[in-house]
Amino acid sequence: MSTPTGIVEAPTAQSELQIGVETFGDITAAPGGGVTSHAQVIRDVVAEGVAVEAAGLDFFGVGEHHRPDYSVTSPEVVLAAVAQATERIRLGSAVTVLSSDDPVRVMERFATVDALSNRRAEIIAGRGSFIESFPLFGLDLRNYEELFEEKLDLLAQLLKNEPVTWEGKLRPSLTNAKAYPEIEDDGRLFTWVGVGGSPQSVIRAARHNLPLFLAIIGGDPLSFKPLANLYRRAIGELGGTEQPIGAHVHGFVAETDQEALTTLWPHYQASMDRIGADRGWPPYTKGQFMAAAEEDGNLAVGSPETVAAKLARIAGGLGLNRLDVKYSHGSLPHADNLRSIELLGTEVKPRVLELLKNEA
């Protein structure tokens, strides 16, 4: 962790919990009615990144999607803008859809953000929860698993900052190749492997000796504890070095529980129904929403006290070194996003750290 005025350091397995936030650049409701343009949402996301630093949080993550309901297709470009307007927070993807990208270009783009941000860049490399990028970039979904396996292997080699000779089946081979710009001070670009919940994905992260990032989007977050334990055990059995574990949950903070629930519900419902229509899910109900907001649910919504108690339960139960809250939800307005960020940093984060300290 950092001093109050210093740069936040990359987490380690021994680090105090870091708390960050994430956004996908969801298309928000416009102040005068209607919806906000993609361009304005991107500008708002940059403003939200600046607000994250002002609130005292540790990390700002920007997701990658290729759909009309999200504005950000190039997280690195947005992060570069945030890098120029901040000095302390860490900046990363949430996630980089590595399966449909090229590892060399990913490495080069984030190395550029790392330079612009004075060594604050991170990658969360994953497969994402949508598949639009595959046909968009001419990739065959039948190679879904093999694409990620092969590209993660190449990215892991590139992270060593040494010339790479590599051969795969789905991407042209490399001979004595290196990605540029070089990372300063002979450093390493901090990179997580994002997983959705399969043991195979956890083992893959351990095999590459890369930090694990859990995407918690349903059920009791503590149901991920066996996966966290599996990862730690696999790291040891495979001869790796102990690595940090992070996780992501959905959340929203307001002054009171009732205000948070009332404000979030229509936007969250509309977002879930839009996604559900694509996947054949039934309509999202108020009962599901309220259950997710319970103590053992996956949705961290409520007053600062309520959200802090839930985040402390998750972080302590899973032994996390980073916990991020996705604060943007469908058409939830920019002003509400800003207020939620402020409360997360100024009121929730101190409470979480105090709760964890008291439990230790």
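The largest pocket here comes in at about 720 Å³, and keep in mind that this is a predicted model. Its lining takes in 35 residues, with α8 chipping in the most at five. The second largest pocket has a volume of about 210 Å³. There's also a helix pair to look at, α3 and α5, packing at an angle of about 40°.

**Largest pocket**
- If you want to find the middle of the largest pocket, look for Phe24, Ser129, Ala215, Ile217 and His248, the lining residues nearest its centre.
- Strands β5 (121–126), β8 (190–195), β9 (212–215) and β10 (245–253), along with helix α8 (257–279), each put at least two residues into this lining.
- Sorted by class, the lining of the largest pocket has 15 nonpolar, 14 polar and six charged residues.

**Second largest pocket**
- This one has 15 lining residues, and Arg188, Phe190, Asn209, Pro211 and Gln243 sit nearest the centre.
- Its lining splits into seven nonpolar, six polar and two charged residues.

**Helices α3 and α5**
- α3 spans residues 103–116 and α5 spans residues 144–158, with the two axes 9 Å apart.
- With an angle of about 40° between them, α3 and α5 are therefore oblique to each other.
- The crossing of α3 past α5 is right-handed.
- On the α3 side, the contact uses Pro103, Val104 and Met107, which meet Lys151, Leu154, Leu155 and Leu158 of α5.
- By class, the residues of that contact come out as six nonpolar, no polar and one charged.

Note on methods
Residues numbered from 1 in each chain as written. Predicted model: local features only at pLDDT ≥ 70, side-chain atom pairs only at ≥ 80, totals over all residues. Heavy atoms only, no water. Axes fitted to C-alpha atoms, helices over the stretch in contact; angles between N-to-C directions. Helix = DSSP H or I, 4+ residues; strand = E, 2+ residues; numbered from the N terminus. Parallel < 35°, antiparallel > 145°, perpendicular 65-115°, else oblique. Left-handed = near helix turned anticlockwise from the far one by under 90°. Contact = heavy atoms within 4.5 Å. Nonpolar A, V, L, I, M, F, W, Y, C, P; charged D, E, K, R; others polar. 1 Å grid on protein atoms, 1.4 Å probe; cavity = no way out; pocket = protein on both sides within 12 Å on 5 of 7 lines; lining within 4 Å. Points joined across faces, edges and corners; volume = space filled by probe spheres on them.
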